[in-house]
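Visitor: Could you walk me through this one? I'd like to talk about pockets, the metal site and charged pairs.

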Amino acid sequence: MNVTPLDRWALSRELTRLANADPMALAREPLRDPPAHAARRVGITGAPGAGKSTLVGHLAQLRAPRGRLGVLAVDPSSPKSGGAILGDRVRMDELAGNAQLYIRSLGSRRTGDGLADNLPEMLELMDRFGFDDVLLETVGVGQAEHAVRAQVDTMVLVLLPDSGDIVQAMKAGIMEMADIFVVHKADLPGAQRMATDIRRIATMARHAPGDWVPPILLSAAGDPASLQALSDTIDRHQAWHAQAPGVRALARARRARYRLRRLLELRIGQFIAQQDGAFFDTPIAEQLAQAVAALPHAEETPC
Ligand SMILES: Nc1nc2c(ncn2[C@@H]2O[C@H](COP(=O)(O)OP(=O)(O)OP(=O)(O)O)[C@@H](O)[C@H]2O)c(=O)[nH]1
Ligand SMILES: [Mg+2]
């Protein structure tokens, strides 16, 4: 547990710099030693209004006393209000004044996946600032989950009871990505049935011995035991993640792949935006060849 004072000012300044930095310029910065410390990274994702912020707020309350905890919310419904970031049922005054707690909202910009452009660098910064836990809230729009999956150790998928959520989630191929399913707003009708549906779908996935089998939890803002159970399940998954052979190497490779793909996509996006109609009249093989040839010259075309 980190007991040194958190330099909020330096952290905020650096996060702002990263939030505004051109990803290409950032990629050209001199390589730094990897951070000595790694935060436990937990992604909380799900459809708009599923209750992500509410869960993040309660998790922050439960987990902040154990160490330095950061909350990063990408595109929250109301970026200006800390209350919205944490959900309206969490009393801010219970969290305010905790010197080891840091909450920040990030706007998503160019990336099509609904994540902040330089999120990998921001998460690495959280490691450098000695965070024990980082909770990352993102609104699920299909693509976002794929990107979050690459960045976190534990992925919590929040689903609403009795909605088209599960169909959407299946369509987007995100059911296989969750480490923990949470049917939130379990005080509403349909939660049990939804959990049963998820269980039916989840049991179709094959698991080797020693694999993590994603649990399906029910939660409600007014049910403290359900929130504690979620926090405990996150701990269990983190413990499994830390010791399971090959899992950390896989996660590292996944992050590295995501980082490179994100840069390439940005670069290719710039290239395509710069072309005129005549370019698209040429054969597709020619277009492809030109696009690939343009890749190494990103610095000549600032975005
Ligand atoms: N019935 C019920 N409503 C809840 C519960 N938890 C949260 N809500 C309500 O659901 C609404 C959305 O909650 P949020 O936590 O802001 O949801 P979110 O997923 O963060 O929403 P976005 O960030 O806008 O996508 C709010 O009006 C909450 O009061 C719950 O357990 N039961
Ligand atoms: Mg929210």
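Guide: What follows takes the metal site, then the salt bridges, then the largest pocket.

Visitor: Any conventions first?

Guide: This is a predicted model, in which local features need pLDDT of at least 70 and side-chain atom pairs count only at pLDDT 80 or more, while totals for chains, interfaces and linings use all residues. Residues are numbered from 1 along each chain as its sequence is written, chains are lettered from A and ligands numbered from 1 in the order in which they are written, and side-chain values use heavy atoms, with hydrogens and water left out.

Visitor: Which are the protein donors of the magnesium ion?

Guide: Ser 53 (OG) and Glu 137 (OE) are the protein donors of the magnesium ion (ligand 2), at 2.0 to 2.2 Å from it; donors are N, O and S atoms within 2.8 Å of the metal (3.2 Å for Na, K and Ca), and with water not among the atoms, sites may look incomplete. Ser 53 belongs to helix 3 (residues 52-63) and Glu 137 to strand 4 (residues 133-139), so the pair ties together parts that are 84 residues apart in sequence. Helices (H or I, at least four residues) and strands (E, at least two) are DSSP runs, numbered from the N terminus.

Visitor: Ser 53, buried or exposed?

Guide: Ser 53 is buried, as is Glu 137, where buried means under 20% relative accessible area, exposed over 50% and partly exposed in between (1.4 Å probe, protein chains only).

Visitor: Switching topic: how many salt bridges are there?

Guide: The count comes to 14, a salt bridge being a side-chain nitrogen of Lys or Arg within 4 Å of a carboxyl oxygen of Asp or Glu.

Visitor: Which side chain meets Asp 235 at 2.9 Å?

Guide: That is Arg 63, with the distance taken from N to O; Asp 235 sits in helix 10 and Arg 63 in helix 3, 172 residues apart. Asp 235 also forms a salt bridge with Arg 66, where the closest N and O atoms are 2.8 Å apart. Arg 63 counts as buried at 1% relative accessibility, whereas Arg 66 counts as partly exposed at 36%.

Visitor: And which residues line the largest pocket nearest its centre?

Guide: Among its 38 lining residues, Pro 35, Arg 41, Glu 124, Asp 127 and Arg 259 lie nearest the centre. Helix 11 gives the most to this lining, with eight residues.

Methods
On a 1 Å grid over the protein atoms alone, a cavity is a set of points where a 1.4 Å probe fits but cannot get out, and a pocket is an open set with protein on both sides within 12 Å along at least five of seven lines; lining residues have an atom within 4 Å of a point.
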